[in-house]
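Please keep the sequence and the structure open beside this note while you read. The points below are meant to be checked one at a time.

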Amino acid sequence: MKTITVDPITRLEGHGKINIFLDDDGNVQKAIFQVPELRGFEAFAIGRPAEDMPQITSRICGVCPTAHHMAATKALDDLFKVTPPPAAKAIRELVNCAFMTEDHALHFYFLGGPDFVLGPSAPPEQRNILGVVGVVGKEIAGQVIDIRRRLRDLMALCAGKPIHPVFGLPGGVAKAIPESERTQIQQLGRDTVKFAQFSLDLFRKIVLGNKDLLELVTGDIYYNETNYMGLVDADNRLNLYDGDVRVVDPAGKERLKFKPQDYAKHIAEHVEEWTYVKFPYLRDVGWRGFVDGPDSGLYRVAPLARLNVADGMATPLAQAEYERLYETFGGKPVHHTLANHWARLIELLYAAERITELADLPELTSPDIRNLDFGIPSEGVGIVEAPRGTLIHHYKSDERGVLTGCNLIVATVGNSAAICMSIDRAAKKLIKNGNVNEGLLNMVEMAFRAYDPCLSCATHALPGEMPLAVEIIDSKGVIVQRLERR
């Protein structure tokens with residue numbers, strides 16, 4: 001048996017590799033997506049004051065610290081049984097929307113975009129942001145850099161720092177927004193809406209207007225029928241900051257809807273020996289392996305999943321784009337993995353519209369930003385939508401607020417099983433009779449890149465040990481000795 005290894009895989013956060021196993025005819029028997037790094041943040045948390053968690057968990061990586069800070073802060077609200085005032089909720093959602101827009105722009109232009117702008121088979125030395133700039137021009141690249149800089153300036157204004165924010169506190173936030181800043185925030189919101197519309201127009205021109213790329217997005221290479229999960233508001237519309245968790249089945253029918261505090265009743269986690277990433281699944285179905293279809297207990301999160309679980313968008317421009325996506329695919333849900341790129345831009349537009357709405361709220365600049373009416377701490381759950389999907393923080397503490405338990409189901413973990421299936425399907429569809437080249441291997445990588453995974457966030461384990469295994473294999477592929485440390 002011949003093995004093709006792609007290590008390291010590129011244009012993602014963290015480190016992973018792909019192993020593709022070929023049979024004697026050169027066809028793919030199976031392909032696996034392996035994450036060989038370990039972080040262990042859940043173990044770090046035990047014994048620490050709960051108030052430290054927004055700072056500890058924001059250090060999991062430098063790409064999505066805001067999402068972890070937000071989920072941790074909401075978990076502290078629940079732990080201390082305190083409800084933040086309206087101004088604090090508005091400021092938190094404003095920061096979350098600013099983070100979502102600049103992160104989605106990062107993925108579209110820097111990570112996923114080169115595969116479409118340059119083409120999947122373009123020389124690897126050109127498939128990067130510099131190659132994109134060469135095609136779209138310096139003026140557009142300047143717009144991307146400028147809008148992301150201004151969004152980060154807004155996060156610094158509201159959250160203290162653009163990376164590793166310091167504003168979230170149980171019951172509120174640390175700093176009010178002065179009325180003098182409102183005009184600037186309103187202008188940024190309007191400019192971000194224009195940027196999102198421009199990005200969608202660019203996607204339609206480059207991807208949907210290209211027959212070959214459109215076939216990739218709507219074809220069967222990148223296709224799995226799974227359940228989907230995401231937050232929704234009281235009207236079942238998409239919400240990135242708050243709401244209930246909704247799950248729809250592969251036919252698009254509502255399967256579950258529950259409060260964040262009940263997540264453990266519905267979600268369980270499976271462990272495999274060959275990777276440090278866990279594999280969540282729906283508890284009522286059970287673990288049935290890496291299989292999709294109507295009997296699967298696996299689910300997906302992230303932009304396309306959020307659109308699949310929602311009955312619509314809460315802002316008008318994003319709603320029009322939402323309808324256009326489903327018209328293109330002929331209905332809901334959409335199971336085509338590469339459609340995540342399109343859904344990501346629709347969310348970018350939604351978040352930009354929410355910035356404009358929040359900027360107009362009278363309570364945004366209220367000095368009443370914290371409620372100190374705390375209860376005795378015991379247990380708390382916080383859920384937000386991170387750019388990569390539903391992010392769950394769950395803490396348990398003693399009566400002093402010192403943590404005795406911690407569980408994190410990070411957004412990428414929600415997609416971990418689906419990423420494995422997507423890699424396996426793409427490899428089997430693309431590699432035939434031993435014919436493989438760098439371009440085809442990049443197309444296999446596109447199967448994971450659509451999820452925008454953050455492997456640095458995803459790898460954690462209790463009790464924090466590193467189970468190391470060393471295998472000695474002879475020339476016939478037989479394992480002659482195995483050494484383990486657990």
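1. Which residues does C457 touch, not counting residues up to four places away in sequence? In this predicted model, C457 touches I60, C61, C64, H68 and V410, and you can find C457 itself in helix α16, which covers residues 455-458. With a relative accessibility of 2%, C457 counts as buried, because buried means under 20%.

2. One of the residues on that list, C64, deserves a look from its own side. C64 is found in the loop between α2 (53-57) and α3 (65-79), and, leaving aside residues up to four places away in sequence, C64 touches F99, R388, C454 and C457. The relative accessibility of C64 is 5%, so C64 counts as buried.

3. The UniProt record, in an unreviewed entry, gives the annotation "binding site" to C64 and C457. Although these positions are spread over 394 residues of sequence, they cluster in space, with a largest C-alpha distance of 8.3 Å. Please treat the annotation with some care, since a UniProt annotation may be inferred rather than shown by experiment.

4. The feature "binding site" also appears in UniProt, again in an unreviewed entry, at E42, L408 and H460. Of these, E42 can be placed in helix α1, which runs over residues 41-45. Is E42 buried or exposed? The relative accessibility of E42 is 0%, and therefore E42 counts as buried.

5. Turning to the chain as a whole, the model contains 16 helices and 16 strands. The radius of gyration is 22 Å, close to the 23 Å that the globule rule gives for 486 residues, so the chain is as compact as a globular protein of that length. Taken along the principal axes, the C-alpha atoms fill a box of roughly 70 × 50 × 40 Å.

6. Buried residues make up 60% of the 486 residues in the chain. If we consider the contacts with a separation of 6 or more, 68% of them are accounted for by residues 24 or more positions apart. The contact between C64 and C457 gives you one pair to look up in the structure.

7. The accessible surface of the protein chain comes to about 18900 Å², and carbon and sulfur atoms account for 52% of this area. As for charge, the chain has 54 positive and 63 negative side chains, and the centres of the two sets lie 2 Å apart.

8. Some details of the backbone should be checked with patience. Most residues other than glycine have a negative phi, and most peptide bonds are trans. Against that background, H164 has a positive phi, near 55°, and H164 is found in the loop between α6 (138-159) and β4 (168-169). A302 likewise has a positive phi, near 90°, and A302 is found in the loop between β11 (299-300) and α10 (303-309). A302 counts as buried, because its relative accessibility is 0%.

9. What kind of peptide bond joins K332 and P333? The bond is cis, with an omega of about -10°, and P333 is found in the loop between α11 (316-329) and α12 (339-360).

How values were computed
Residues are numbered from 1 along each chain as its sequence is written. This is a predicted model: local features need pLDDT of at least 70, side-chain atom pairs count only at pLDDT 80 or more; totals for chains, interfaces and linings use all residues. Side-chain values use heavy atoms; hydrogens and water are left out. Helices (H or I, at least four residues) and strands (E, at least two) are DSSP runs, numbered from the N terminus. Buried means under 20% relative accessible area, exposed over 50%, partly exposed in between (1.4 Å probe, protein chains only). The radius of gyration is taken over C-alpha atoms; the globule rule is 2.2 Å times the number of residues to the power 0.38. Contact means heavy atoms within 4.5 Å. Accessible areas come from the Shrake-Rupley method with a 1.4 Å probe; for residues, only the protein chains shown count as cover. Lys and Arg count as positive and Asp and Glu as negative; His and the chain ends are not counted. The place of a charge is taken as NZ of Lys, CZ of Arg, CG of Asp or CD of Glu.
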